[in-house]
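Biologist: Could you take me through this structure? I would like to begin with one proline and then move on to the ligand.

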Amino acid sequence: MTRRVAILVSGGGSNMVRLVESMTGDHPARPVLVLSNDPEAGGLRRAAEMGVPTAAVSHKPFKGDRAAFEAALSEPLAAAQPDIICLAGFMRVLTEGFTRRWQGRMLNIHPSLLPKYRGLHTHARALEAGETEAGCTVHEVTAELDDGPLLGQARVPILPGDTPETLAARVLVEEHRLYPAVLRRFAAGDRTPVLLP
Ligand code: GAR
């Protein structure tokens with residue numbers, strides 16, 4: 001049975017594009033919705049160009065009331081009836097209620113080798129700490145921020161002279177390989193972590 005996938009984005013959506021592009025042919029899933037908390041998100045335009053239905057629910061009118069924002073977000077989600085949600089650069093922290101509702105069916109990509117560097121500014125923090133490698137992680141979303149069962153990880157070296165920007169670009173290349181590989185496996189019912197390279 002084909003799995004229905006909703007992708008949540010806040011920004012340009014380059015990971016979302018790679019996920020959508022991957023879901024063709026014998027892939028066990030298809031994209032049914034790209035949803036954003038920012039009506040201006042570049043990812044919405046890119047999704048529409050690829051023929052994927054889009055929706056936006058701005059978090060701003062909710063003024064920090066996360067549960068109310070999520071209730072509004074849940075309307076287009078419910079209409080799309082996804083089996084799987086992929087967070088792809090979705091920059092809102094979710095409540096325990098929302099994460100519990102989707103537990104085991106919601107994935108996130110994070111630009112660090114979790115459990116290191118949860119939260120923001122991962123690349124700057126890895127550089128500051130003198131790390132020799134960095135990377136990205138795909139995991140199941142639980143109530144704890146940037147936590148939950150590991151579904152995949154990709155590593156890159158940190159090179160002399162790296163800045164947060166050069167490192168972010170090197171990691172993003174791996175994000176684009178990792179997330180589609182994990183989604184394909186996950187949608188087929190296999191939660192064995194994908195370890196790249
Ligand atoms: C990606 O690097 C993703 O790992 C990161 O935001 C970027 C989104 O880029 N996500 C987080 O930091 C989540 N806490 P994209 O919009 O081009 O996919």
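Modeller: Pro115 lies in the loop between β5 and α5; helices (H or I, at least four residues) and strands (E, at least two) are DSSP runs, numbered from the N terminus. This is a predicted model, in which local features need pLDDT of at least 70, side-chain atom pairs count only at pLDDT 80 or more, and totals for chains, interfaces and linings use all residues. Residues are numbered from 1 along each chain as its sequence is written, and side-chain values use heavy atoms, with hydrogens and water left out.

Biologist: Is the peptide bond from Leu114 to Pro115 cis or trans?

Modeller: That bond is cis, and its omega is near 15°. A cis peptide bond also joins Leu196 and Pro197, with omega about -5°. Pro197 lies in the segment after β8 (194-196).

Biologist: Now the ligand. Where does the ligand sit?

Modeller: The ligand sits in the largest pocket. A pocket here is an open set of points on a 1 Å grid over the protein atoms alone, where a 1.4 Å probe fits, with protein on both sides within 12 Å along at least five of seven lines; lining residues have an atom within 4 Å of a point. To sit in a pocket, a molecule must have more than half of its atoms within 2 Å of the grid points.

Biologist: How many residues line the largest pocket?

Modeller: The lining has 35 residues, and Gly89, Phe90, Met91, His110 and Pro111 lie nearest the centre of the pocket. The largest share of this lining, four residues, comes from α6.

Biologist: Which residues surround the ligand?

Modeller: Among them are Gly12, Asn15, Ile109, His110 and Leu172; a residue counts if one of its heavy atoms lies within 4 Å of the ligand. α1 (14-22), β5 (106-110) and α6 (164-187) are the elements that give two or more residues to this shell.

Biologist: What polar side-chain partner does Glu175 offer the ligand?

Modeller: A polar side-chain atom of Glu175 lies 2.7 Å from an oxygen atom of the ligand, where a polar contact is a pair of N or O atoms within 3.5 Å. In the side chain of Ser14, an N or O atom is 2.6 Å from a ligand oxygen. Gly13 uses its backbone instead, with an N or O atom 2.8 Å from an oxygen of the ligand.

Biologist: And how much of the ligand does the protein bury?

Modeller: The protein buries 81% of the 460 Å² that the ligand exposes when taken alone, with accessible areas from the Shrake-Rupley method and a 1.4 Å probe.

How values were computed: Polar contact = N/O pair within 3.5 Å; in protein donor to acceptor, adjacent residues only side chain to side chain.
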